[in-house]
Amino acid sequence: TLRLEIAKVAWYQGDYAKARKEQRKALEIALQFGWTFQEIQARSLGGLISMNLGDLDAARISMLDALGLAKRTGRQAEVAIQSNNLGNVLRERGQFKEALFYYRQALEIEDSTRNQEGRAYAIRNMGLTHARMGDPQKARALLQEALKLSQSIGNRYNELQTILALAEVE
């Protein structure tokens, strides 16, 4: 829906108050019309907003809701995305082993569907988590793998994010 896109733009711009307002409206519309995919996205965006605002408990709940709904729909691509998102929240909460569990789930799906872009994100997220766990060697190896993959598929966003992560590990 347009509301969801407006919420995403506000989130990207760091206008979290506007993003939250529009995200809630988008969720309300999705629930009203039974639009499951939009509901998943609205719940996930709500989790991302909460994470950016430092409310990691609310972020975790939103991401669990989004992932559960994605699993019930059977949309594997969406399950992978939401597994990655939940992993990010868990990493921020310091729950590194749990985060890695969800990244591995995402990676398995991405491998089975041959989604190289999603694979690069999952590997980068695993590398970031190992860096936070104090394992720079493992982090570096994963981040270098994510970088090569991102470059080979032309994903400049993930390439840049991976380069920044590698700089932090170095």
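**Figure 1. H5 gives the largest pocket the biggest part of its lining.** Helix H5 supplies nine residues, the largest share of the lining of the largest pocket. Keep in mind throughout that this is a predicted model. The volume of this pocket comes to about 1300 Å³. It is lined by 35 residues, and those closest to its centre are Trp 11, Leu 48, Asn 85, Asn 88 and Tyr 157. The elements giving two or more residues to the lining are H1, H3, H5, H7 and H9. Sorted by class, the lining breaks down into 15 nonpolar, eleven polar and nine charged residues.

**Figure 2. Helix H6, its length and its buried side.** H6 runs over residues 96-113, and its 18 residues should span 26 Å at 1.5 Å a residue. The C-alpha atoms at its ends are indeed 26 Å apart, so the model agrees with the expected value. Which residues of H6 are buried? They are Phe 96, Ala 99, Leu 100, Tyr 102, Tyr 103, Ala 106, Leu 107, Ile 109 and Glu 110. Their packing partners are helix H4 (56-73), helix H5 (76-92) and helix H7 (116-132). Just after H6, look for Arg 114, which takes a positive phi of about 55°.

**Figure 3. A salt bridge within helix H1.** The structure holds eleven salt bridges, so here is one to start with: Glu 5 with Lys 8. The closest N and O atoms of Glu 5 and Lys 8 are 3.5 Å apart. Both sit in helix H1 (residues 2-12), and because they are three residues apart there, about one helical turn separates them. Glu 5 is partly exposed, at a relative accessible area of 41%.

**Figure 4. Arg 43 and Asp 65 join H3 to H4.** Side chains of opposite charge can pair when their charged atoms come close. Here Arg 43 forms a salt bridge with Asp 65, with 3.9 Å between the closest N and O atoms. Arg 43 belongs to helix H3 (residues 36-52) and Asp 65 to helix H4, so the pair ties together parts that are 22 residues apart in sequence. Are these two side chains on their own, or part of a network? Glu 39 is linked with Arg 43 and Asp 65 in a network of salt bridges. As for exposure, Arg 43 is partly exposed, with a relative accessible area of 22%. Asp 65 is also partly exposed, its relative accessible area being 34%.

**Figure 5. Arg 140 reaches Glu 170.** In this view, the side chains of Arg 140 and Glu 170 meet in a salt bridge, 3.1 Å from N to O. Arg 140 lies in helix H8 (residues 136-153), while Glu 170 is in the segment after helix H9 (156-169), so the pair ties together parts that are 30 residues apart in sequence. Arg 140 is partly exposed, with a relative accessible area of 25%, whereas Glu 170 is exposed, at 60%.

**Figure 6. Ser 150 and its contacts.** Ser 150 is found in helix H8. Is this serine buried or exposed? Ser 150 is buried, with a relative accessible area of 0%. Leaving out residues up to four places away in sequence, Ser 150 touches Ala 120, Asn 155, Arg 156, Asn 158 and Glu 159.

Conventions. Residues numbered from 1 in each chain as written. Predicted model: local features only at pLDDT ≥ 70, side-chain atom pairs only at ≥ 80, totals over all residues. Heavy atoms only, no water. Helix = DSSP H or I, 4+ residues; strand = E, 2+ residues; numbered from the N terminus. Expected span 1.5 Å × (residues − 1). Buried < 20%, exposed > 50% of the residue type's maximum accessible area, 1.4 Å probe, protein only. Contact = heavy atoms within 4.5 Å. Salt bridge = Lys/Arg side-chain N within 4 Å of Asp/Glu carboxyl O. 1 Å grid on protein atoms, 1.4 Å probe; cavity = no way out; pocket = protein on both sides within 12 Å on 5 of 7 lines; lining within 4 Å. Points joined across faces, edges and corners; volume = space filled by probe spheres on them. Nonpolar A, V, L, I, M, F, W, Y, C, P; charged D, E, K, R; others polar.
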